[in-house]
Amino acid sequence: MTRAVARSHPNIALVKYWGKQDEQLILPAAGSLSLTIDAFPTTTEVTLDSGATEDTFSLNGIPGAVGQTARVSALLDIVREAAGVSTFAHVDSVSEIPTDAGLASSAAGFSALAAAAAAAYGLDLDPRALSRLARRGSGSASRSVIPGLAVWHAGNDEESFAEPVDGPDVRMVIVTLSTGAKPVSSREAMRICMLTSPYYSAWVDSTKWTLEGALEACKDNDFTRLGRITELHANRMHALIQSADPPIRYLTPQSVAVFDAVAQLRQEGRNCYATADAGPNVVVLTTPDDADRVARHLAGFGQTRVVGAGLGAAVIERGVAS
Ligand code: 2P0
């Protein structure tokens, strides 16, 4: 039985992905920019089993829920079709990230799965093709294939992949306020925003030029501009989310308090800007010089962890299972 093991890390978006132009192919309505981080990896083993009558999936040793397993199986179907192989597989993942805490667990999960499945089924994919494959599992997973800063392009199926971006050396302080499950999944919340918010088209249009500004800031090595854009874009995404009907709110009073504390730290001369994904936790973009001080200052709000740029998805073992 052929097997492969791959590891991948989560990414945190500086310019957010929130909305699709094609739900089937997972094509984003606009491009986005993220940092793949060097913490909370997911390690996934894919083992082909010629005797199996269906795919199986476990996460941290626990059999996946029906919906989770179906999403894993759907990605394996794409790989099987490309490889011309019909064998089912066992997929076993170990995630060091708190699932559904709003820390993009699906990005590390589906990029590790894409890399391991491609290797196990014998597909030789370059990073661009691997990013496109990971995208089919979860949009943000396209970016976790890439190390460090990555831009994920909007476009058609061929054009929509992530690739590396040069930019300033940054750190992030992850402020974990809650590890509980979020009230509405990102996928569902994006759909509700698209269908009901009067601001949705303005969000998509403005994200296009926000991304252009962020890429210019990266090119110019301009941390301050990149940071300002990061915080602005997070605030705009959460404003959009709160404008949906029924409204969705991921940020808690605690999250808002961290945003205020970050603004206060800036007034005191620290280089730091806040962002938050589909959950209450806050991530602070900062510089190598300021990271420890920012983390110390925010420790009263929750658990803090300083992270930097991490590796992209990689196969770490391959072979024949016993
Ligand atoms: C991002 N998020 O850019 C944004 C910000 C959450 C908030 O990408 O439907 O789990 O699987 O493509 O990838 C979460 O979206 O959604 C996400 P699907 P995904 O990081």
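**Loops, ligand and ring pairs**

User: Where is the place of Pro 280?

Analyst: Pro 280 belongs to a loop, the stretch that runs between two strands, namely strand 13 and strand 14. Helices (H or I, at least four residues) and strands (E, at least two) are DSSP runs, numbered from the N terminus. The place asked for is therefore the loop between strand 13 and strand 14.

User: What kind of model is this, and from which number are residues counted along each chain?

Analyst: This is a predicted model, in which local features need pLDDT of at least 70 and side-chain atom pairs count only at pLDDT 80 or more, whereas totals for chains, interfaces and linings use all residues. Side-chain values use heavy atoms, with hydrogens and water left out, and residues are numbered along each chain, as its sequence is written, from 1.

User: Is Pro 280 buried or exposed?

Analyst: A residue is called buried under 20% relative accessible area, exposed over 50% and partly exposed in between (1.4 Å probe, protein chains only). Pro 280 has a relative accessibility of 15%, so the residue counts as buried.

User: How many residues surround the ligand?

Analyst: A residue is near a molecule or strand if one of its heavy atoms lies within 4 Å of it. Tyr 17, Lys 20, Ser 138, Gly 139 and Ser 140 are the closest of those around the ligand. The number of residues that surround the ligand is 18.

User: Which helix gives the most to the shell around the ligand?

Analyst: By class, the shell has seven nonpolar, five polar and six charged residues; here Ala, Val, Leu, Ile, Met, Phe, Trp, Tyr, Cys and Pro count as nonpolar, Asp, Glu, Lys and Arg as charged, and the others, Gly among them, as polar. The element that gives the most to this shell contributes three residues and spans residues 186-196, and this is helix 5.

User: Why does the ligand lie between two domains, and which are they?

Analyst: Domain bounds come from an automatic or database domain assignment. The ligand lies between two domains because both give residues to its shell, and these are domain 1 (2-167 + 311-320) and domain 2 (171-307).

User: What percentage of the ligand's accessible area does the protein cover?

Analyst: Among the side chains that approach oxygen atoms of the ligand, a polar atom of Arg 187 lies at 2.8 Å, while an N or O atom of Arg 143 is 2.7 Å away. On its own the ligand has 470 Å² of accessible area, and such areas come from the Shrake-Rupley method with a 1.4 Å probe; for residues, only the protein chains shown count as cover. The part of the ligand's area that the protein covers is 95%.

User: How far apart are the ring centres of Tyr 17 and Trp 152?

Analyst: Rings of Phe, Tyr and Trp (its six-membered ring) pair if their centres lie within 6.5 Å; planes under 30 degrees apart count as stacked, over 60 as edge-to-face and the rest as tilted. A search of the whole structure finds three aromatic pairs. The planes of Tyr 17 and Trp 152 stand at 70°, so this pair is edge-to-face, and the distance between the ring centres is 4.7 Å.

User: How many residues apart in sequence are the parts that this pair ties together?

Analyst: Tyr 17 lies in the loop between strand 2 (11-15) and strand 3 (20-22), whereas Trp 152 lies in strand 10 (residues 149-152). Tyr 17 counts as buried at 10% relative accessibility, and Trp 152 counts as buried at 0%. Because of where the two rings sit, the pair ties together parts whose separation in sequence is 135 residues.

User: Which side chain does Asp 277 join through a polar contact?

Analyst: A polar contact is a pair of N or O atoms within 3.5 Å; within protein, one must be able to donate a hydrogen and the other to accept it, and residues adjacent in sequence count only if both atoms are side-chain atoms. Asp 277 is found in the loop between strand 13 (272-275) and strand 14 (282-286), and Asp 277 is buried, with a relative accessible area of 15%. At 2.5 Å, the side chain of Asp 277 is joined to that of Lys 16.

User: Which residue forms a cis peptide bond with Asp 245?

Analyst: Omega of this bond is about 0°. The partner of Asp 245 is placed in the loop between helix 7 and helix 8, and this partner is Pro 246.
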